[in-house]
Amino acid sequence: MANMRETFLATAEEILDTDPDTAVVLADISAAQLAGAARRHPYRVLNVGIREQLLVSAGAGLALAGLRPIVHTFSPFLVERAFEQIKLDLNHQDLGAVLVSYGASYDMPAEGRTHQAPGDVALIDSLPNWFVHAPGHPEEARRLLLDSVPGDSRVYLRLSAQQNASAYFGVGFQTVRHGRHGVVIAVGPMLDRVLQATRHLDVTVLYTSTVRPFDAAGLRAAVSGTPDVAMVEPYLQGTSAHQVSAALADLPHRLLSLGTVRDTEVRIYGTLADHDLAHGLDTGSIALSLKEFFG
């Protein structure tokens with residue numbers, strides 16, 4: 001099975017071949033894989049080199065010219081390094097684009113901290129009117145990309161090397177397991193480990209690959225009484241805490257936020273598994289956190 005990045009690149013090539021109003025903007029990353037598309041569409045596949053601020057600005061310029069830009073590189077370079085251009089060239093000018101990152105929070109641990117971006121979704125969330133997707137399976141990534149191209153909305157599609165065994169399609173929160181004593185929300189590639197971690201808990205498990213807009217109605221429909229809610233996100237801990245609190249503002253509730261740690265700088269290389277453990281996002285650590293929270 002192709003991974004998310006391979007699926008994205010194949011899908012982007014299909015889009016370029018079938019929709020003359022689309023363009024792909026690159027900053028060296030993935031340029032080799034899209035070389036054939038660049039030869040067929042030399043004016044709609046642009047490689048600006050390792051100039052990530054220009055990457056986003058060029059995408060905004062294409063949007064001004066009437067094209068639908070798909071802007072792609074690794075997550076820290078796309079969101080952190082070029083955040084000012086996202087804020088000004090896209091948001092402030094009210095322009096649309098599809099930003100597609102790869103690398104997630106720490107998918108390339110051997111490359112070190114420069115290639116890690118656990119705060120990317122929180123940064124995008126500081127700006128209004130974005131769709132934010134964190135798919136948990138390559139086929140979800142494909143569907144979300146295809147759905148994002150029509151129109152002129154602002155979309156952030158966050159691809160990861162980690163994935164679930166099966167794809168889940170649908171809008172908003174999807175109920176994967178029913179329970180009576182609390183709700184666990186699993187985002188994207190967290191689902192399989194959440195299902196494993198909750199196998200002995202009587203809790204409802206909700207899944208989503210779309211975190212913005214937040215499905216407040218779906219959460220309210222899943223809770224009862226004085227709800228206990230745990231949110232397991234594959235990026236900065238508490239990124240969606242304000243959304244949960246707003247959705248349940250009129251209900252007494254407890255919230256546990258799991259994600260990458262905020263209070264410690266993780267200074268290891270190692271493997272994906274090492275980083276999962278360091279952030280408490282491996283199956284065992286999630287199980288312990290949820291058991292303590294739900295009692």
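A residue is counted as buried when its relative accessible area is under 20%. In the predicted model described here, A104 falls under this limit, because its relative accessibility is 3%. A104 is found in the loop that runs between strand 4 and helix 6 (120–125). Its backbone is also notable: A104 is not a glycine, but has a positive phi of about 50 degrees. Most residues other than glycine have a negative phi, and most peptide bonds are trans.

Two further sites can be set beside this general rule. D28, in the loop between strand 1 and helix 2 (35–40), likewise has a positive phi, of about 75 degrees, without being a glycine. With a relative accessible area of 40%, D28 is partly exposed, whereas A104 is buried. The other site concerns a peptide bond: R212 and P213 are joined in the cis form, with omega at about 0 degrees. P213 belongs to the loop between strand 10 and helix 9 (216–222).

The sheet is considered next. Strands of a sheet pair through backbone hydrogen bonds, either parallel or antiparallel. In this model, seven strands make up an open sheet of mixed pairing, and their order across the sheet is 2-1-3-4-6-5-10. Strand 2 (45–47) and strand 10 (210–212) are the edge strands, each of which pairs on one side only. From one strand to the next, the twist averages 20 degrees. Helix 1 (residues 4–18) packs on the sheet and touches strand 1, strand 2, strand 3, strand 4 (97–102) and strand 6 (154–159). The direction of helix 1 makes about 140 degrees with that of strand 1.

Several of the pairings can be followed residue by residue. Strand 1 (residues 22–26) and strand 3 (residues 68–74) are parallel and share five bridges, with T22 standing opposite R68. Strand 4 and strand 6 also run parallel, and six bridges join them; here Y102 has L159 of strand 6 as its bridge partner. Strand 5 (residues 130–133) is joined to strand 6 by four bridges, again in the parallel sense, and W130 is the bridge partner of R154 in strand 6.

Strand 6 thus takes part in the pairing with strand 4 and in that with strand 5. Six of the six residues of strand 6 are buried. R154, Y156 and R158 point one way from the strand, while V155, L157 and L159 point the other way.

In soluble globular proteins, nonpolar side chains tend to be buried together. The largest nonpolar core of the model has 42 residues, and those with the most contacts inside it are L78, L90, L99, W130, Y156, I185 and L219. Helix 3 (residues 52–64) provides the largest share of this core, six residues. The core lies between domain 1 (4–159) and domain 2 (174–294), because both domains give residues to it. A second, separate core has 26 residues, including A12, L26, A37 and V155.

The surroundings of W130 show how the sheet and the largest core meet at one residue. Apart from neighbours within four places in sequence, W130 is in contact with I86, L90, N91, L99, I124, R154, V155, Y156, R212 and P213. Among these are R212 and P213, the two residues joined by the cis peptide bond.

Two buried loop residues with polar side-chain contacts complete the description. T239 is placed in the loop between strand 11 (228–236) and helix 10 (241–247). Its relative accessible area is 5%, so T239 is buried. The side chain of T239 reaches the backbone oxygen of L236 at 2.6 Å. Not counting residues up to four places away in sequence, T239 touches V121, A122, D125, R212, E233 and R262. R212 is therefore in contact with both T239 and W130, where contact means heavy atoms within 4.5 Å.

H137 lies in the loop between strand 5 and helix 7 (138–148). With a relative accessible area of 6%, H137 is buried. The side chain of H137 reaches the backbone nitrogen of E139 at 3.0 Å. Beyond residues up to four places away in sequence, H137 touches M1, M4, Q163, N164, A165, S166 and A167.

Conventions: Residues are numbered from 1 along each chain as its sequence is written. This is a predicted model: local features need pLDDT of at least 70, side-chain atom pairs count only at pLDDT 80 or more; totals for chains, interfaces and linings use all residues. Side-chain values use heavy atoms; hydrogens and water are left out. Two strands pair if DSSP finds at least two bridges between them. Axes are lines fitted to C-alpha atoms, for helices over the stretch in contact, and angles run from 0 to 180 degrees between N-to-C directions. A nonpolar core is a set of buried Ala, Val, Leu, Ile, Met, Phe, Trp, Tyr and Cys residues joined through side-chain atoms within 4.5 Å. Buried means under 20% relative accessible area, exposed over 50%, partly exposed in between (1.4 Å probe, protein chains only). Domain bounds come from an automatic or database domain assignment. A polar contact is a pair of N or O atoms within 3.5 Å; within protein, one must be able to donate a hydrogen and the other to accept it, and residues adjacent in sequence count only if both atoms are side-chain atoms.
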